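I opened a new model today. I wanted to know how far to trust it and what its chains share.

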Amino acid sequence: MKSKLVFVFALLLTAAQSFAQNPAYLKTMEGLVSKIQTTQFGTPLQPLANQMERIASAEKGEWLPNYWVAFCYLRDSYIETDAAKKDMILDKADEYFNKAEALSQNNDELEVLKANLANGRLVVSPQDRWQTYGAKVAAAIGNAKKINAENPRISLLEGEGMFYTPEAFGGGKPKAKVFFEKALEKYAKFTPKSSIHPSWGKEITDWYISQCN
Amino acid sequence: MKQLLLIILLVTAGFSVALGQANIKGKITDRKGEVLPGANIQIEGTYDGASADEKGEFAFTTDSKGEVVFKITMIGYNPSVKKATLGTGDVRLDFVLEESINALNAVVITAGTFEASDEKKMVMLKPMDIVTTAGGAADIASVMQFLPGANRVGETEGLFVRGGSANETKTVIDGMIVQNPFFSSTPDVPQRGRFTPFMFKGTAFSTGGYSAQYGQALSSVLLLQTQDKISEESNLNLNANLAGLSASYTHKGWINGSLSYTNLSPFLSLLKTNIDFDKVPEAFGASVTINENPTKNSSFKLYGTYTDNQSALRLNSYDEFNSKYLFSMNNRNIFTNASYQVNFDEGKWIFQSGMSYSKNNDRIRMDQTNADRHDERTQGRAVLTRLFGAGKNNSIVFGSEFHAIRVGNIYGGYDVSLKDNYSAVFTESEFYVSPKLAARVGLRGEYTSVIDEFNVAPRLSLAYKVGKYAQFSLAAGRFYQTPDKNYLYLNRNLDYEIADHVILNYQLIKNDRTFRVEAFNKNYRNLITEKTDFFDPNPYRFPTGKTDNSGEGYAKGFDVFFRDKKSVKNADLWVTYSFLDTERKFQNYPSRVTPSFASKHNFSVVSKYFLEKLNTSVGLTYSLTSGRRIYDYGSDLKTYELTKPYENLSFATSYFRAIKNHFVVFYLAVDNVLGRKNVFGYRYSPDGKQRTAVIPPAYRTFFFGVSWSIGKLDRIPKEATLNFD
């Protein structure tokens, strides 16, 4: 009887703990994720990354906080103009990406992020890096498709690749537009797994389409 | 009563919560007291924390009590962890972060090195630069001749660096010495390198003071790093030009096979050549490359190539003037290189190992004389690197290598050969004293069985950053080289040749503009000299005189380099000037003089421009080299003539087009556009009364071709095309 009581008590305690934690985790994350995804491109995400980093360090088993830290720094690397600083910001993004990858395998969102991170490295010095990082982008896109071909962020990224590749190299805006339109179709069907999972990209797709016309 | 109790309980509980919340305030600065806005502080295991504001200050509240751990992070700084005991009430805590050693603030050792790698921060030259340089003929060594420190020598292959002869430069692929980096030499016809620039992800050209990881080169090492596995794609590349055809197929990114057929007939038929070919150079080549990453932390590479080439030319006879003799050659060469690398313990340890085998046979007939040569080299190398310090910026390396070398030469009545077992051990540490001051200290020990001698060579490099963009670097060291095989055939009682280097370098890199100036002093000792009855300037003679280590000499000078990618959009400009003052007593020189391969002034301008709308790149290269000394047959070397200065203007252009998954490049190169009649020296008749000029194979050359790739193109950003050839 006594042991049963202890067991029930222990169960209650853990349940209470996880209940106590989950709402706080979800609530804090929800607010942050929504802020991250609605911040205009060009506004530094670093303060939000700091908050996310704290959550990531407290919630050691969750991949999503790590995902969002990496995402924030990826975005900030595009704002930075100094090549060396860009690389340092991306080093930090990679550090958190690796943590996320260790916690969640076969994850299309992580593959998409990996492709985006490789793209971030590529644009630092395109002449020297397209060969190495271009291949990494392509490999990660391939992996993402295998896991979930319906992820709209895959088509967005493919469209971006075409958009910035000159026509002489097989790219160009008309070809890019096809991908962006495909992305929009997928966004229409897409529902994120939760409010703290990635759902970004539709606005930027709309912007690209406006630039393709 | 119960209700009252409950209320009291609730109130005290609430009160205790309020009491238990601690307000934490403080400031985060670096060591110099500069505030660090944006730094992140948190109590580990909780969400509690804050970002530092514009004044570096932070404030937050926490429910945590007792012993807690504060963690402070910021990009560009080492993370800091600090324990503290929290009670109730306000707490003030200030933190000091230490700057990490990173690409932004760290100094880099640059003295004596000219990096062409795309990995390092201090990038100066990239692999693509090699193929887009006009006048460089997409040949690695030819392009290196436009860099500071190299001396232009037009009649033979090889890199002549800062007063050193061509055999003082070693070519190293993934740590392995390449026995025959160039196609076999024919008299006064410079040969191309055997390796295409596309094989390598990076090229580092050392002009002296190089690392203890390499040896057996008195002047310089050319370090080539092969490509890593970069994709899983398959593609086919076909090439056709005036000198032959080639095809290369890569299967799923891991295995590549190439075939090539070279025949200079179409090229020569368009030119007025200065060479009288009996058999136009013809070659067949095949190679296999394997590139696989067995695990995430390891990589395996294998490269094997076989080439067979033949040519025959009629050369002016040195015996009887105005008569000619037939020089014919059939060269067969095998080169294989395998390497394995693995990282463990989170990349703190790196183990690299490699094996290489090469075999080269030259069947040479000079008139009726048999002058066959053969060589064989088997080598193994293992290097263990330990990285340490925050950010793994410091390293210590332990390594060893072993070479078994077999060489032989027949020349008329001589049939000579030798075996040499060479082994070396080395250790080297590269570390930061501060982000501004870095040092590299190394020691190399070698043993060569053929002369039965040991040596120990110390190496040292320092670098100090003097501003945000500028730095000084110093390199010094001792370099040993086993005497050339041509001397060892007849005399094994020789000792190592020695060179001591001191190099001082200043570099300023800002906004895609690089300015670099380097001064050097090199002292040669123990150079091999040969006693002959009279001086014979023929560089191709076989040394049969008495030899010893009594030679010596010096080389000093400076070079200036400027590169600008900024001023004109889509353009790249390099300007190089090298000054050299050198004298040496070596080979069959009876006294210490400036050697005939050395030129005092070397100047070059390399320019490239990309015409965006036309998908075309154009390049123009100009080079000027002051006259070299000509020593007559039988000369006492006190009197000499100078060749007229060497001058060359070359042009290259390429046009490219992608259609679906096909990618086509057309290229055209014109060397010596102005048709200047350069002379490199003279060859003498035995009585010394008559001579013939050594001139380039052709005064003006045209070369064109097309490269066609089929396969998935990885995304190529717009900017990548700027330097694309």
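My entries on confidence, domains and the contact between chains follow.

**Ground rules.** I noted that this is a predicted model, where local features need pLDDT of at least 70, side-chain atom pairs count only at pLDDT 80 or more, and totals for chains, interfaces and linings use all residues. Residues are numbered from 1 along each chain as its sequence is written, while chains are lettered from A and ligands numbered from 1 in the order in which they are written.

**Confidence.** I looked up the overall scores: ipTM is 0.84 and pTM is 0.86. Then I checked pLDDT, the predictor's confidence in each residue, from 0 to 100. Chain B averages 88, and 93% of its residues score at least 70.

**Weak stretches.** Where does pLDDT stay under 50 in chain B? I found residues 116–124, with 35 contacts beyond four places in sequence. I also found residues 714–725, with 50 such contacts. A contact means that two C-beta atoms, placed from the backbone, lie within 7 Å. Low pLDDT means that predicted coordinates should not be read in detail.

**Domains.** I split chain B into domain 1 (22–97) and domain 2 (113–723). These bounds come from an automatic or database domain assignment. The centres of the two domains, taken over C-alpha atoms, are 55 Å apart.

**Chain B against chain A.** I read that 40 residues of chain B are in contact with 36 residues of chain A. Which element of chain B gives the most to this side? It is β38(B), with three residues.

Definitions and conventions:
Helices (H or I, at least four residues) and strands (E, at least two) are DSSP runs, numbered from the N terminus.
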